[in-house]
4 protein chains.
Amino acid sequence: MENRWATGRTEAFSDGVFAIAITLLVLDIAVPESAFENLPHAILHEWPAYLGYVTSFLTIGGIWLAHHGIFRRLRYANDRVMRINLLLLMAVAFLPYPTRLAAQAIRSADAERAAIVFYGISLLVCATLLGALWGVVARDRSLLAPGVTDAEVNDLLLRTTPSIGFYVGATALGLALPRVAAGVYLAIAVLSIVRARGDRSVAAPAEEPAA
Amino acid sequence: MENRWATGRTEAFSDGVFAIAITLLVLDIAVPESAFENLPHAILHEWPAYLGYVTSFLTIGGIWLAHHGIFRRLRYANDRVMRINLLLLMAVAFLPYPTRLAAQAIRSADAERAAIVFYGISLLVCATLLGALWGVVARDRSLLAPGVTDAEVNDLLLRTTPSIGFYVGATALGLALPRVAAGVYLAIAVLSIVRARGDRSVAAPAEEPAA
Amino acid sequence: MENRWATGRTEAFSDGVFAIAITLLVLDIAVPESAFENLPHAILHEWPAYLGYVTSFLTIGGIWLAHHGIFRRLRYANDRVMRINLLLLMAVAFLPYPTRLAAQAIRSADAERAAIVFYGISLLVCATLLGALWGVVARDRSLLAPGVTDAEVNDLLLRTTPSIGFYVGATALGLALPRVAAGVYLAIAVLSIVRARGDRSVAAPAEEPAA
Amino acid sequence: MENRWATGRTEAFSDGVFAIAITLLVLDIAVPESAFENLPHAILHEWPAYLGYVTSFLTIGGIWLAHHGIFRRLRYANDRVMRINLLLLMAVAFLPYPTRLAAQAIRSADAERAAIVFYGISLLVCATLLGALWGVVARDRSLLAPGVTDAEVNDLLLRTTPSIGFYVGATALGLALPRVAAGVYLAIAVLSIVRARGDRSVAAPAEEPAA
């Protein structure tokens, strides 16, 4: 018989890491006091920092939605799920670093390309680990809660897997056209949120009458 | 039938983001070691940082109270509620940046006005997204928990909507009188907390006797 | 009939703020790279930062234990409890700033006294708000869960109130003997943890046999 | 009769501290803008920061897994468990400081040894407090949930105790061969995660059919 972990505390810990990684991103946005002479211009001049903030925020938000979708379908986690989940959290908590680097470097002819590619690889690692998380569950149905259908399992596979390909493509694009790739990263993040779907059969909490 | 999200984990994740955004604000307060010669004066000299801390803390606190009020009335969330909630969290987690900027710039004749207006716009975006969150719920009663009355729905609308107008006015005022506008931002935050109301029908947890 | 707030989400949000405030303290500890020549000495040389870390960590830990003790005895919170709780969180989340200041200034003849007194006042504000929180509950027994006895109410008063006096005394002492006062702050924090007591009647979760 | 603390809120608070300590680690990774000329090289040049990030992340992750394993077997906590838990959290939240120091110093002939030993001692303190936590529980079986067997108790002792010896050895090794010791710290962290085991008898939440 397999080793089991109740999912409640893992969700709470993961939510904490997601929430902090998503919130730390703002620490990297700053206007130097030397630019206060023309502050409106200086605020607009920080656009790469905003782009990085929005992209990483929505990327992590999309991962959180998918994570939510995965864990609410689990009956329990096994050792492998716990380990992949830790690796996923390690990759997500790492994102503020490449985000900051890309925002700083996007105006430097020398550094732009490397920073965007590095950011893309970091996003790709997150997407791959998220896909692996659901892949492990999809292959071992005993982990799933009783009511989960094959259609739901495949649906989630179809929503987590393609991002891997998208990020491979966008990162490759970043070698030639870094700024276009930055836009594609944002587009993938927006898509991952727009495509996230709630559950048709989620039970309403507690005392629901015949609604 | 609509897609549904159970609210528990969304509340936990949102609480995490609120708690972190509210706590990061303190990182922006510092006295330079060069001012240690007359530390009491230097501590008082940081008043704009304290004003920013208190204003943003109470603003986020007020948003949290309203968020609490909204989510405890939900039976479940739909995709749209989840998306608006993510945008609201993105706006709230952004606040430490304009807060810091306003605190730094309030003593600079050049930058004061732009910084206060930028801060006001950021607060306005938060208020608008909070209003949109409840607006979506108010228009789709199937999202509401069974016992929620029309009076409660309108009551919450009356407590979330006016802030939008207040912030428009205060931000416009900031163009002419930045320091007065800073005071108004604080007043709006205090008001949002003083006007927050618990629920008259909240069930006490567990073993309540005939109270 | 009074307005009521369920306590679960307030506890979660408060835990988030406590956890972050307690964890941010470490960001203020650093050894400058210029001191790497004699690193063992440089690490020891940071003792004021460690003292500040331990003092503020245990202080916040003690406040958390008391907060835990208060909220587990509540049937629900009213508007006033929610507001005092927000003020308490605002004071606790502020602590990293005076902590850092005291650690930096303790070796400066000019600044030491002011920094220690400022730190003491910040601790006093936290203790006063914690006392006010329980004071409000103690005066309005309808907020209390059914089984809570008068003995428990007075017991908690006796554990939260004296700190206020201790901090007044220690802060006054800081005017004359700053370093001694710093030691007293630590002693008060240790005491608050040593004196924290669990509940004799807490129900064990779930399936407890006749233990 | 003993004082008791319900475990739910302690788990939530501990998860918050673990999640933040684990996430703050990324703030210490940065590439100076002066290195943008050859960014790919500069990114690789930061390898000590990545090594520190991964080591501390996995160490804290392993502590979290063990903490999870301990608390899910508790019927309730007593005062001593609460105090050791606070000390454990204080040690874990301290880790970002020695991690950063070790990553900065590993390329400095002067500082390398002291930094690695200091890091090892910090890890040792965490391991010792984790062992003490389970040791207290193992000696007082009345704290344990009803179904917990002696085999489980000994199994957890065997998984938490040896790390203490490992860290003593690795730290001593750091006096002679700092870089080798850094690798051993990472190996211990990986081991602690690979050896973490779920529970064979964890009840699946809610409506499990005869699986």
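This is a short tour of a predicted model, going from one chain to its neighbours and then into the helices of chain C.

**Stop 1: chain A on its own**

Start by selecting chain A and colouring by secondary structure. You'll find 9 helices and 0 strands, so to speak an all-α run when read along the sequence: α-α-α-α-α-α-α-α-α. Turn the chain around and its C-alpha atoms fill a box of roughly 65 × 40 × 30 Å along the principal axes. Of the 211 residues in chain A, 54% are buried. Switch on contacts if your viewer can do it: among those between residues at least 6 apart in sequence, 82% join residues at least 24 apart.

**Stop 2: who touches whom**

Now show every chain, each in its own colour. Which chains does no contact join? Chain A and chain C are one such pair, with their closest C-alpha atoms 9 Å apart. Chain B and chain D are another, and there the closest C-alpha atoms also lie 9 Å apart.

Chains B and C do meet, so select those two next: the contact takes 37 residues from chain B and 36 residues from chain C. Look at the chain B side of it. The elements giving two or more residues there are helix H1 (8-24), helix H2 (39-45) and helix H3 (47-71) of chain B. H1(B) supplies the largest share, 9 residues. Colour that side by residue class and you get 22 nonpolar, 5 polar and 10 charged residues.

**Stop 3: H1 and H4 inside chain C**

Hide the rest and select residues 8-24 of chain C, which is helix H1, plus residues 79-94, which is helix H4. Their axes are 9 Å apart and the helices pack at an angle of about 15°. Anything under 35 degrees counts as roughly parallel, so H1(C) and H4(C) are roughly parallel to each other. The crossing of the pair is left-handed.

Show side chains for the contact. From H1(C), pick Thr10(C), Ser14(C), Val17(C), Phe18(C) and Ala21(C); from H4(C), pick Met82(C), Asn85(C), Leu89(C), Val92(C) and Ala93(C). By class, that makes 7 nonpolar, 3 polar and no charged residues.

**Stop 4: H1 of chain C against H1 of chain D**

Keep H1(C) on screen and add residues 8-24 of chain D, helix H1 of that chain. The two axes come within 9 Å and cross at roughly 40°, and H1(C) and H1(D) are therefore oblique to each other. This crossing is right-handed.

On the H1(C) side, the residues to label include Glu11(C), Ala12(C), Asp15(C), Gly16(C) and Phe18(C). Across from them in H1(D), look for residues including Arg9(D), Ala12(D), Phe13(D), Gly16(D) and Val17(D). The class count for this contact is 11 nonpolar, 3 polar and 3 charged residues.

**Stop 5: H8 of chain C**

Last selection: residues 178-194 of chain C, helix H8. Try a distance between its end C-alpha atoms. At 1.5 Å a residue, the 17 residues should span 24 Å, and the ends are 25 Å apart, which agrees.

Which residues of H8(C) are buried? They are Pro178(C), Ala181(C), Ala182(C), Val184(C), Tyr185(C), Ile188(C), Ala189(C), Ser192(C) and Ile193(C). To see what these buried residues pack against, bring back helix H3 (47-71), helix H5 (96-105), helix H6 (112-139) and helix H7 (150-176) of chain C, together with helix H4 (79-94) of chain D.

Notes: Residues numbered from 1 in each chain as written. Chains lettered and ligands numbered in written order. Predicted model: local features only at pLDDT ≥ 70, side-chain atom pairs only at ≥ 80, totals over all residues. Axes fitted to C-alpha atoms, helices over the stretch in contact; angles between N-to-C directions. Helix = DSSP H or I, 4+ residues; strand = E, 2+ residues; numbered from the N terminus. Parallel < 35°, antiparallel > 145°, perpendicular 65-115°, else oblique. Left-handed = near helix turned anticlockwise from the far one by under 90°. Contact = placed C-beta atoms within 7 Å. Nonpolar A, V, L, I, M, F, W, Y, C, P; charged D, E, K, R; others polar. Expected span 1.5 Å × (residues − 1). Buried ≥ 20, exposed ≤ 12 C-beta atoms within 10 Å, placed from the backbone.
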